[in-house]
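Colleague: Please take a close look at one helix and what surrounds it. I would also like a word on the aromatic residues.

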Amino acid sequence: MRVVSMVPSWTETLLKAGVQVVGRTRFCIHPPKMITNIPIVGGTKEVSWDLVVDLKPDLVLLDEEENPLEMAEECPVPYLATHVSSLQSLQTELARLGEHFKNPQLMELSVDCLDILEAPVPPWDYQKIPAFMEWVKAPSKEYNQIAYMIWKKPWMSVSRETYIGSVLEKLGAKLVEYPEGEKYPVVELEEMKDTFFLFSSEPFPFHKKVGELKELGIEGAIVNGESYSWFGVRGIEFLRETLLKK
């Protein structure tokens, strides 16, 4: 089956599972050696359908959190849309893709995800933050809550209603409580008292702005955003290593 994948996490996962991916987005950067010769047909929010049709795919793979509804509505070839918004939904969608592609590797990943879901939640350790890259300022105490930051101007965080949020909670982090339905709330850092901040390396490159963050005088750390936000094989490998020590 020839697949055009408009979801970076799925592109990496499908390629590692041996599925034939014939088209991708510019953000599909993993695995580096396998994506080099796969044509780019657009981004996660826009696509050239002429380029897609030229590739003669059997299927376009989308995700409701990654791609706009219009992409599905305008798709000129058969498509399959997943909806990954948590670790639980990731497990469900991996099994669904495994059945759709009749692919044992994808089915095995769904089982791995189930093992992660059933693993005990560890206490959060501020001295051993998963996917740690660099301190903004090391914690001087235990905090009541954590805010995971993904953007600046405006400052944007993530709620527990997101895949990232579910990963953090599985790792033992207590997230800031945001109003229901606000998946990516805009926040004011100075108003967030007794909060430890995790600044993601993507989509905003906080790892390149450490000097500016240090000037804010807040305690926090830079973390590898791919570990927390890329679902599929990358996210499962990260959580297996962290939770199951495999």
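**A helix and its surroundings**

Modeller: In this predicted model, helix α7 is followed by Gly172, a residue with a positive phi, near 100°. The helix covers residues 163–170, and 7 of its 8 residues are buried, so α7 is largely enclosed by the rest of the structure. Those buried residues are Tyr163, Ile164, Gly165, Ser166, Val167, Leu168 and Lys170. Lys170 is thus listed among the buried residues along with Ile164, Val167 and Leu168. The packing partners of the buried residues include three helices that can be named with their ranges, α5 (87–101), α9 (225–229) and α10 (233–244). Helix α6 is also among the partners, as are the strands β7 and β9 (195–200).

As for the aromatic residues, the structure holds 16 aromatic pairs. One of them joins Tyr126 and Tyr143 in a tilted arrangement, with 6.2 Å centre to centre and 50° between the planes. This pair links distant parts of the chain, 17 residues apart: Tyr126 lies in the loop between α6 (104–118) and β6 (132–137), and Tyr143 in the loop between β6 and β7 (145–151). Both tyrosines, Tyr126 and Tyr143, are buried. They also belong to one aromatic cluster, together with Trp124, Phe132, Trp135 and Phe196.

Tyr143 has a charged neighbour as well: the charged end of Lys141 sits over the Tyr143 ring, 5.0 Å from its centre. Another such arrangement involves Arg234, whose charged end sits over the ring of Trp230 at 5.8 Å from the ring centre.

Conventions
Residues are numbered from 1 along each chain as its sequence is written. This is a predicted model: local features need pLDDT of at least 70, side-chain atom pairs count only at pLDDT 80 or more; totals for chains, interfaces and linings use all residues. Side-chain values use heavy atoms; hydrogens and water are left out. Rings of Phe, Tyr and Trp (its six-membered ring) pair if their centres lie within 6.5 Å; planes under 30 degrees apart count as stacked, over 60 as edge-to-face and the rest as tilted. Helices (H or I, at least four residues) and strands (E, at least two) are DSSP runs, numbered from the N terminus. Buried means under 20% relative accessible area, exposed over 50%, partly exposed in between (1.4 Å probe, protein chains only). A charge sits over a ring if NZ of Lys or CZ of Arg is within 6 Å of the ring centre and within 35 degrees of the ring normal. Contact means heavy atoms within 4.5 Å.
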